[in-house]
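I sat down with this one to look up a few things at the residue level. My notes follow, in the order I went through them.

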Amino acid sequence: MTREIVMTKQPPQTHTQEQQDEHPQLHGTIMSSESHHQRKRKITLIPLVFLIYFEVAGGPYGSEQAVRAVGPLFTLLGFLIFPLAWGVPEALVTAELAAAFPGNGGFVLWAEHAFGPLAGSLLGTWKYLSITINIAAYPALVADYLGGVAPAIAEPGRARTGAVIGMTLLLSLLNYAGLSVVGWGAMVLGVVSLAPFALMTAMAVPKLRPRRWASQVEGRKKDWRLFFNTLFWNLNYWDSASTMAGEVERPGRTFPRALAAAVVLIAVSYLLPLMAAIGTTDASPDAWVNGYLADAAGIIGGPWLKYWTGAGAVISSIGMFEAQMSSGAFQLLGMADLGLLPTIFSHRGTRTGTPWVAIAASTVITIAVSFLGFDDVIATSNFMYGLGTLLEFASFLWLRVRHPALKRPYLVPLPVPALVVMCIVPLSFLAYVCVVAGWRVLGIAAGLTILGIGWHGVMRMCRVKKLLSFNNV
């Protein structure tokens, strides 16, 4: 299935930036009849910022494990350095390629154009499984927090199983309201969930003891594997919003601005609350379990702030579930537009334009993996994401070298050698995560990769034999 990338051969005087964004085929994106679905509501800058925020972070919830693993000093350094060393390069890659290929599917489009259908399908498999495994963690986290009110939900058993499945179904239904509703809803959820941390940080200033920031783990070894897995889990998925690029208003302008704003918002939302909580409490690293930030908020501001922070964890988990469910569903839609999946995955709701079949499929897979152990969820999700991102960075560099004339409304202002250097740091992090993954995680990832290759072969056979309906591209 050979495909050419459309170069900039159009007369430059006939196309303004706005016209180029209205006609994405000028940038080399493959469009299907479904992608021309009449949609009056496009995602604008502010909703996109908060969708990226919830794709990547959703607040400092879950960062407690990093303090427990290596202590306050290295945790603060990690959340200071990692958003710059990892987040900025990935955000720049996403900004350039999402603007160049403004269609649904995102990174699948990039790999498919760079290396062919198998690469696009395999990258899609890795990233999609990573994000659905990741989504599965959020109903379980909500159940953990609600366990303070209903203890039966926090313990293994029928009550917890029913709560997790029920929340997954309910939260998935919210996605059917439409991406515009999810985007503006993400903004509201973001403000509400960040507000207690803003108050906690402000109230902590008079009580800060900076010497506490330098504390380290004593009496046991540092758990570097847990530390880096926690960093990755909290700061991954910068590229996920690219799968919805076809739904974004003027993506060539909107994506770079939204990603720049999101980098700052995410870095601040982790670093300041952690500095406040560490600097005002004397808790040992062993006390930093999931939910400790709510306890710290109670110490700093009183019970009302503790309960608000705890409620914010539930709100944040809902926001992350909704944003990531949307990106996963639109990835499947984009793969169907490319002919990598049957056309049924590109079916949209008539009123909202939501890919309802893709949402339903993602819900089923999420429920199926909801009962893995939390550590297994983090490690497997990180590993699959790492494999996909290695191929994604390779696609970025390959397209720069082999297709320099590709229309790029936003261009990372660096030559190819400098881009290679920019990618080395995040690639080294990815290599480390892959190396330290346990045998169980390696086995799961290998099995899923083989499944992905087999799936691509089955889809090709179904296409050739006309067993299923596919888009002709």
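Which residues are buried in α18? I found Val441, Ala445, Leu448, Thr449, Gly452, His456, Met459 and Cys462 buried there. Note to self before going on: this is a predicted model.

**Entry 1: helix α18 and what follows**

I looked up the extent of α18 and got residues 439–464, which makes 26 residues. From the first C-alpha to the last, α18 reaches 38 Å, and that is close to the 38 Å expected at 1.5 Å a residue. I then checked Cys462 from the buried set, and its relative accessibility is 8%. The cut-off for buried is under 20% relative accessible area, so Cys462 qualifies.

Next I stepped past the end of the helix. Just after α18, Lys466 takes a positive phi of about 60°. I wrote that down since Lys466 is not a glycine. Lys466 has 73% relative accessibility and counts as exposed.

**Entry 2: the other positive phi**

I also noted Arg250, which is not a glycine either and has a positive phi of about 45°. Arg250 sits in the loop between α11 and α12. With 30% relative accessibility, Arg250 counts as partly exposed.

**Entry 3: cysteines**

How many disulfides does the structure hold? I got 0. While on cysteines, I looked up Cys423, which is buried at 0% relative accessibility.

**Entry 4: salt bridges**

I searched the whole structure for salt bridges and came back with 8. The background is simple enough: side chains of opposite charge can pair when their charged atoms come close. I went through some of the pairs one at a time.

Glu96 and Arg400 form a salt bridge through their side chains, at 2.9 Å from N to O. Glu96 belongs to helix α4 (residues 72–100) and Arg400 to helix α16, so this pair ties together parts that are 304 residues apart in sequence. Are Glu96 and Arg400 buried or exposed? Both are buried.

Asp282 and Arg212 make another salt bridge, and their closest N and O atoms are 2.9 Å apart. This pair links distant parts of the chain, 70 residues apart. I placed Asp282 in the loop between α12 (251–280) and α13 (292–301), and Arg212 in the loop between α10 (179–204) and α11 (224–234). Asp282 is exposed, at 63% relative accessible area, whereas Arg212 counts as buried at 13%.

For Lys306 and Asp295, I got a salt bridge with the closest N and O atoms 3.4 Å apart. Lys306 is in helix α14 (residues 303–337) and Asp295 in helix α13, with their positions 11 residues apart in the count, that is, 11 residues apart. Lys306 is partly exposed, with a relative accessible area of 32%. Asp295 is partly exposed too, at 33%.

**Entry 5: Arg408**

I came back to Glu96 and Arg400 here, since Arg408 joins them in a network of salt bridges. Where is Arg408 found? I located Arg408 in the loop between α16 (374–402) and α17 (416–436). Arg408 has a relative accessible area of 12%, so I logged it as buried.

I then followed the polar atoms of the Arg408 side chain. One of them lies 3.1 Å from the backbone oxygen of Leu399. The Arg408 side chain also reaches the backbone oxygen of His403, at 3.1 Å. Setting aside residues up to four places away in sequence, I listed what Arg408 touches: Glu96, Ala100, Leu399, Arg400 and His403.

**Entry 6: nonpolar cores**

Which residues touch the most other members of the largest nonpolar core? They are Ile52, Trp238, Ile266 and Phe396, out of 125 residues in that core. Another core lies apart from it and has 7 residues, among them Val142, Ile153, Ala163 and Val314.

I took Trp238 for a closer look and left out its neighbours within four places in sequence. Its contacts include Ile52 and Ile266, which were on my list above. Trp238 is also in contact with Val56, Trp86, Gly87, Glu90, Ala91, Thr94, Leu259, Ala262, Val263 and Tyr385.

Methods
Residues are numbered from 1 along each chain as its sequence is written. This is a predicted model: local features need pLDDT of at least 70, side-chain atom pairs count only at pLDDT 80 or more; totals for chains, interfaces and linings use all residues. Side-chain values use heavy atoms; hydrogens and water are left out. Helices (H or I, at least four residues) and strands (E, at least two) are DSSP runs, numbered from the N terminus. Buried means under 20% relative accessible area, exposed over 50%, partly exposed in between (1.4 Å probe, protein chains only). A polar contact is a pair of N or O atoms within 3.5 Å; within protein, one must be able to donate a hydrogen and the other to accept it, and residues adjacent in sequence count only if both atoms are side-chain atoms. Contact means heavy atoms within 4.5 Å. A disulfide is a pair of cysteine sulfur atoms within 2.5 Å. A nonpolar core is a set of buried Ala, Val, Leu, Ile, Met, Phe, Trp, Tyr and Cys residues joined through side-chain atoms within 4.5 Å. The expected span of a helix is 1.5 Å times one less than its number of residues. A salt bridge is a side-chain nitrogen of Lys or Arg within 4 Å of a carboxyl oxygen of Asp or Glu.
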